[in-house]
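This report describes how helices and strands are arranged in one structure. The sequence and the model are shown first.

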Amino acid sequence: MKIAVLKGDGIGPEIVEAAQVVLNKVDEKFNLGIEYAEALFGGAAYDVYGNPYPEESQKIVEQCDAILLGAVGAPKYDTIEPADLRPEKGLLAIRKSLGLYCNIRPIKYYDFLADRVIWKKGLLDGLDIVICRELTGGAYFGKRGHDENSAYDTISYSRPEIERIVRDAFEMAKNRDRKILHSIDKANVLDSSRLWRKVVNEIAVEYPEVELHHLYVDNAAMQLIVNPTQFDVIVTENMFGDILSDESAALGGSLGMLPSASLGGKISLFEPSHGSAPDIAGKNIANPIATILSAAMLLRFSAKNEAAARAIEDAVNAVLADNIKTPDLADETSKVVGTMEMAQEIAARI
Ligand code: IPM
Ligand code: MG
């Protein structure tokens, strides 16, 4: 199992190194034969090659079975011209070039974080949502343009692009206990959403066991706050998914807890859903759990090793249950640990 390691910028290097500590422990326990191949990515790659996803890194990635990515971006790169060379564009390029159209972001409620969330006690009991975000279409990749005084982006989706992500979401819903799928769009306004909804309804015929609901994105944003446990699997287009996944991260207590898997090609990519947090970079205080849980998803989806994935997830739960927390999660009763110590605590419980 060869893993491409793209640490990126900001807190990227420290959270990825923390995840590697945990992966190494799992490797030892489960005999996975993990090998790493490091490559520069994001601003770190721009500094050396003038490109956030240079050919040198692409070559390394293409020889691997899966990718573990930290985060990209920092204020000093925000003014790079042309904007196509900014770190975030590297992220879009790697997603697109590897055909990673299906982004999975699971959101769970951790009762040991009950005091961290803004919801009343009990309201989140049993919360277990999977957001299935389309990742290689829509406004992120549509026709765009600008001059001095005007600019535009376009959302465009083809039928096959919608079909494949929607089918994946139905499959996922079908294999879960509650078998509920919410498709989220803006079909009262957008043509692309009207096609989206039509395709969803067509595919729904193949999945009679799945309970399907359509929601407009504005309503969905509100429902996620007022009645989040109604959701099971959510499927939506790229930009709506980006926004709703950050919103949903609040349900899990911290954006630092939200992992992600990007699937659909030969090589899958695993990264935390959060950004590079330049303000806390290099201080050993960032929460590595989203990256560690992304490594668990790597073992589940790329290595097809459910037991190894579970071992990581159980160890994360055990550490939190022991009230060992990074500063973003801690209260006065917690034992506060740094990024690397958190990884060691998790590894020790595997
Ligand atoms: C995410 C991020 C990215 C996105 C940014 C960094 C380009 O917010 O993975 O959710 O918008 O997809
Ligand atoms: Mg985002």
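The sheet is taken up first, then the helices that pack on it, then a pair of helices.

The model is a predicted one. Its open sheet has 10 strands with mixed pairing, ordered β2-β1-β3-β12-β11-β4-β5-β10-β8-β9. At the edges are β2 (35-38) and β9 (211-216), each of which pairs on one side only. On average, neighbouring strands of this sheet are turned by 25° against each other, direction ignored. Strands β4 (residues 102-108) and β11 (residues 261-263) run antiparallel and are joined by 3 bridges. One bridge pairs Ile104 with Ala261 of β11.

Helix α7 packs on the sheet, and helix α8 lies across four named strands, among them β4 and β10. The table lists the strands and angles for each helix.

| Helix | Residues | Strands | Angle |
|---|---|---|---|
| α7 | 217-226 | β5, β8, β9, β10 | about 110° with β9 |
| α8 | 238-249 | β4, β5, β8, β10 | about 155° to β5 |

Helices α5 (residues 159-174) and α6 (residues 191-204) form a packed pair: their axes come within 9 Å and cross at roughly 50°. The two helices are therefore oblique to each other. The crossing of α5 past α6 is right-handed. On the α5 side, the contact is made by Arg159, Ile162, Glu163, Ile165, Val166, Arg167 and Phe170. The α6 side contributes Leu195, Trp196, Lys198, Val199, Val200, Glu202, Ile203 and Ala204. By class, the contact of α5 with α6 holds 10 nonpolar and 5 charged residues, and no polar ones.

Key
Residues numbered from 1 in each chain as written. Chains lettered and ligands numbered in written order. Predicted model: local features only at pLDDT ≥ 70, side-chain atom pairs only at ≥ 80, totals over all residues. Heavy atoms only, no water. Axes fitted to C-alpha atoms, helices over the stretch in contact; angles between N-to-C directions. Parallel < 35°, antiparallel > 145°, perpendicular 65-115°, else oblique. Left-handed = near helix turned anticlockwise from the far one by under 90°. Contact = heavy atoms within 4.5 Å. Nonpolar A, V, L, I, M, F, W, Y, C, P; charged D, E, K, R; others polar. Pairing = 2+ DSSP bridges.
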